[in-house]
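Please load the model in your viewer and keep the selection panel open. The tour below proceeds stop by stop, stating what to select and what is found there.

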Amino acid sequence: MTMPATPREPDADAAFGFGRSLLSRVLVGTPVREEPLTHVADLPGRTARFVEWPDWVAEPVVAALRESGVPRPWSHQAEAASIAAAGRHVVVATGTASGKSLAYRMPILSTLAREPRATALYLAPTKALGADQLRATEELLDAAEELSSIRISGYDGDTPPEVRQWARAHARWIFTNPDMLHLALLRGHARWSRFLRNLRYVVVDECHSYRGVFGSNVALVLRRLRRLAARYGADPVFVLASATTADPGVAASRLIGAPCEQVTEDGSPHGPRTVALWEPPLLTAVTGENGAPVRRSAGSEAARIMADLVVEGARTLTFVRSRRGAELTAMGASRLLAEVDPDLADRVAAYRAGYLAEDRRALEAALADGTLLGAATTNALELGVDIAGLDAVVVAGFPGTVASFWQQAGRSGRRGEGSLVMLVARDDPLDTYLVHHPAALLDKPVEATITDPTNPYVLGPQLLCAALELPLTDDEVRAFGAWDVLSELAEQNLIRRRGHGWFVTGESRPHDALDIRGGIGTQIAIVEGETGRLLGTCDAGRAPSTLHPEAVHLHQGETYVVDELDLEAGVALVHQETPDWTTSAREVTEIAIEEVLEKRAYGAVSVGLVRVEVTHQMVGYLRRLLSGEIVDLVELEMPPQTLDTRAVMYTVTPELLMAAGLEPDRFPGSLHAAEHAAIGLLPLVATCDRWDIGGVSTALHGDTGLPTVFIYDGHPGGAGFAERGHRELVRWLTATKEAISDCECSAGCPSCVQSPKCGNGNHPLDKKGAVTVLAAVLAELTAGT
C-alpha cells in the first residue's frame, strides 16, 4: 500500500501517462514474485463531431436543449433522430455516455409540441433506468415554458392507482417497462385507446439487454404492441438505443419484427484509456475440489487495487457480481486504507443499484465532488446511472458479454481526460481466455444479441395473450409462424376457432401465467418466509438445482438461504442471511437425441444441431468458501427433471483419438474436460451465461455409438445459444483449446476444466487429453471446410 497523494488533474498531452501512472502505482503494491499483469493497451481518445440542429426540430425543443447544456448535437444523435423523424425505425448503437437519449428526445418532443394529441412510449429494462429517464425529461420540460403542456408520467409496479388513472387519461409520454406493457397496456388496451390511437413513437432503451428467453418474450410483446396499435389506426416509429453490438440493425429488426436502420458512427468525445488485464495468482495454501489449485478471488484482488487507486486520489468504481461481493470488496478496501490514512477509509462505500433514486443521486453527487473516492457496486449499476468523470474502473470478473464490459468501462474518462480500466479475472475458463487473448476483448466485434421469438415454448403463451387481446386471424398466425403451436393449443382446448378468428377459451388468464423475465413453463415462486414478500420466480425445471434446501440464492444483490422447496405447491421459502459460502448443485444427467436438425461429417468428426431430451437429477450440493476452498459435499436427492431443448454436438471416432495419442481409458476424462471448458467459453460467441447452458460427454453414447460431446440450452425449446455455438463452432472450440492451454495449473482447475456445477464431482478430468481431443477435432473441421 502506497502513501496518499493529492488528486491529479492531468492535461490532454499526459492523458495516457495518467492511466499508466495509476497502473504503475497498483503494480507497486503487488506482492513480490507475483506477475498478475497479462496485457496493457492504450486506447486513443476521440474528439467530438458536432453538427447543426436539424431543420425539422421544433424551435422550443432546441431552446430547451440549449438551456440544458446541449449547444449542438453530436453527429450520431442528429443522424438517428432524423431517420426517426422521417418515419423509419432506427437503432443507435454507440458507446456509454454518448447521449443516445437525445436521439429520441428530438423527434418525440418535436412531434408532441406540434401535435397536441400525439403520444409516445418509453420502455426500459429496469425501473431504475426508467425513473432516471423520466426525471431527466421532466427537468427538461420544466425549464421550457413552451413545452409545459406536454404531460408525461411513469407507469410501473410502484405507481399509485390514482397516478395510473391520470396517466391513462392524460399522459402523452409514458415511461414504463416491458412487464407493465405486457400486463397493463396490452391486456387492458381498451382503457388505453386514446394513447394507442395517437401513438407516434416507441423507445426501446438498452435494447442489447433483451436476449435469450427474456429477449424472445420482449420481441413478441413488441409485436403484440404493433398489432394493437394498428388496430387503433397507429403505426409508431421505433427508436432503439443499444450499447455497441455486432449487427445492431439485424438484432433490432428481429426484436421489433420490422426492418430497422442502424447508426453506429459515434460522434461523442471520450478521453484516452489505458486498459489492463489482470490475472490473480494461484494460491498454494488453499485447494479446491479434488485438491485442485484455486486463484485468489477477484473480489479481494479488486479491493487491494481500489485501495491503491484511492490512495492516489483517483475516483474509482469497482464492479462486482453480487451485493455481498461488493460489500466485501468495499470493506476490504476500507480496511487497507485505514492502515495508511484513517480519513480515506470513510471515502469508500458499497452501493446497491436499482433501489432508491435518492441513494443513486447521492452517490452520483458524492463521486462527482470527490467526497467519495471509491465505490464497489454490482453489475446492475451499468444501466442508467449518471456517473461521470471517473479516473478508474475496476471490473472484478468478466461481466458475461463484451457489451457489458465496455458499458462498465465507459464510466471512466468522461471528462475527456485519461483513465484506467482494469479487468480482474475470476476463476473461470472465459476469464482465463480473455486475459491471455486480449484481442478477443479489445479488438473483436461485440457479440450479436440472441433472441428466438419462434421458440414454441415462448410462442405458445404469447399467442394466448395476443388472442385474448384481439382474436387472431389466420394471416396473423402465419405471420407469427405459429400454425404448429396453435394446433397444439387447440388440441389442449386453450384456444378455439370461431367465425372471425381464434379466441381464448373459458376463463383463461394467460397474461398472469406468463412471466416474461422468468423461465418457460411452470413457475416456482420465491417467497421470503417471514414477510411473505415475493422476490421473484424460477422455472420448475431449474428449481431443484438452484432452490434446493440450504441453497444460497441471490436476488438484486441480496443473499438469501432456501428453507423449503415445494414443487407441487410451486413455492420456495427463503430467509435473508449472508453465509460465508456459496452453494452449487451436483447433478447426474442423461441425454437422448429426439431429432437431428442439421448434421455434417468432417472426416472422422461429425457435427450436428439436434433436439434432445435431457434428464437430470440433483444428488447433492457443494459448499464453497468465498476464497474458493471446499467446505463439504452435502448429499440431497431430488426428483428427476426432464428438459426438451436443443443442443450442439460433435462425435469423434475412437480411431482418431487413438491416432492422436489417447488410449481408450483416457477418453472419458478428456471428453469431460473438453465439455466443461466449452461450456465456459460459449459466452464468447453467444450472449449467454454459463448457467444458461449445460453439457454431457460420454465415451460411448447410445444414439451415436461414438465418443460424443453435447452442449445444450438450459431452457425448454432452446434459447438460441446452441444454434449460435453450432454456427461458430471452429472459433468457439479454438478458444476453448487455447484457454485450457494457457492455464498454468498442471492437472486442471476452475480456471480451465473444472465446472462449479459438475454432477460427477469434476471426476474424471484429463486436462492434457482435452487439448488433444480439441486439437484433433479442429484439425478435421478445418480440413473439411
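## First stop: a five-stranded sheet

Select β19 and β20, which pair in the antiparallel sense over 5 bridges; two strands count as paired if DSSP finds at least two bridges between them. Helices (H or I, at least four residues) and strands (E, at least two) are DSSP runs, numbered from the N terminus. This is a predicted model, in which local features need pLDDT of at least 70 and side-chain atom pairs count only at pLDDT 80 or more, while totals for chains, interfaces and linings use all residues. Residues are numbered from 1 along each chain as its sequence is written, and side-chain values use heavy atoms, with hydrogens and water left out.

Within this pair, Ile-526 has Gly-536 in β20 as its bridge partner. The hairpin of β19 and β20 has 5 residues between the strands, and there Gly-532 takes a positive phi near 75°. Strand β19 (residues 523–528) is mostly covered, with 5 of its 6 residues buried. Buried means under 20% relative accessible area, exposed over 50%, and partly exposed in between (1.4 Å probe, protein chains only).

Next, add β23, which pairs with β19 in the parallel sense over 4 bridges. Here Val-527 has Leu-573 in β23 as its bridge partner. Strand β23 (residues 571–576) also pairs with strand β22 (residues 558–566), in the antiparallel sense over 6 bridges, and Leu-565 is matched with Ala-572 of β23.

Now show the whole sheet: it is open, has 5 strands in the order β20-β19-β23-β22-β21, and its pairing is mixed. β20 (534–539) and β21 (552–555) stand at the edges with a single partner strand each, so one side of each is left without a neighbour in the sheet. From one strand to the next, the twist averages 35°, where axes are lines fitted to C-alpha atoms (for helices over the stretch in contact) and angles run from 0 to 180 degrees between N-to-C directions.

## Second stop: two backbone outliers and a cis bond

Select Glu-550, in the loop between α22 (543–546) and β21. Its phi is positive, about 80°, although Glu-550 is not a glycine. Asn-493, in the loop between α20 (483–491) and β17 (495–498), likewise is not a glycine yet has a positive phi, of about 60°. Asn-493 is partly exposed, at 43% relative accessibility, and Glu-550 is partly exposed, at 43% as well.

Then move to Pro-764, in the loop between α26 (729–742) and α27 (767–783). The peptide bond leading to Pro-764 from His-763 is cis, with omega near -5°.

## Third stop: the nonpolar cores

A nonpolar core is a set of buried Ala, Val, Leu, Ile, Met, Phe, Trp, Tyr and Cys residues joined through side-chain atoms within 4.5 Å. Which residues have the most contacts inside the largest core? Select Leu-441, Leu-472, Tyr-650, Leu-682, Trp-732, Leu-733 and Leu-781; the core has 95 residues. Helix α24 (residues 667–681) gives the most to this core, with 8 residues.

Centre the view on Trp-732, which touches residues including Val-648, Ala-678, Leu-682 and Ile-711; contact means heavy atoms within 4.5 Å. Another core lies apart from this one and has 41 residues, among them Leu-222, Leu-228, Leu-255 and Ile-256.

Select Tyr-210 next, in the loop between β6 (199–204) and α9 (212–231). Is Tyr-210 buried or exposed? Tyr-210 is buried, with a relative accessible area of 1%. Beyond its neighbours within four places in sequence, its contacts include Leu-123, Pro-178, Val-218, Leu-255 and Thr-449.

## Fourth stop: salt bridges

The structure holds 27 salt bridges, each a side-chain nitrogen of Lys or Arg within 4 Å of a carboxyl oxygen of Asp or Glu. Select Glu-261 and Arg-88, whose closest N and O atoms are 2.3 Å apart. The two residues are 173 residues apart, with Glu-261 in strand β8 (residues 261–263) and Arg-88 in the loop between α3 (75–85) and β2 (90–93).

For a bridge within one helix, select Glu-139 and Arg-135 (3.8 Å, N to O). Both lie in helix α5 (residues 127–142), 4 residues apart, about one turn of the helix.

Finally, select Arg-227 and Glu-476, joined by a salt bridge at 2.9 Å, N to O. Arg-227 lies in helix α9 and Glu-476 in helix α19 (residues 474–480), so the pair ties together parts that are 249 residues apart in sequence. Arg-227 is buried, with a relative accessible area of 10%, whereas Glu-476 is partly exposed at 22%.
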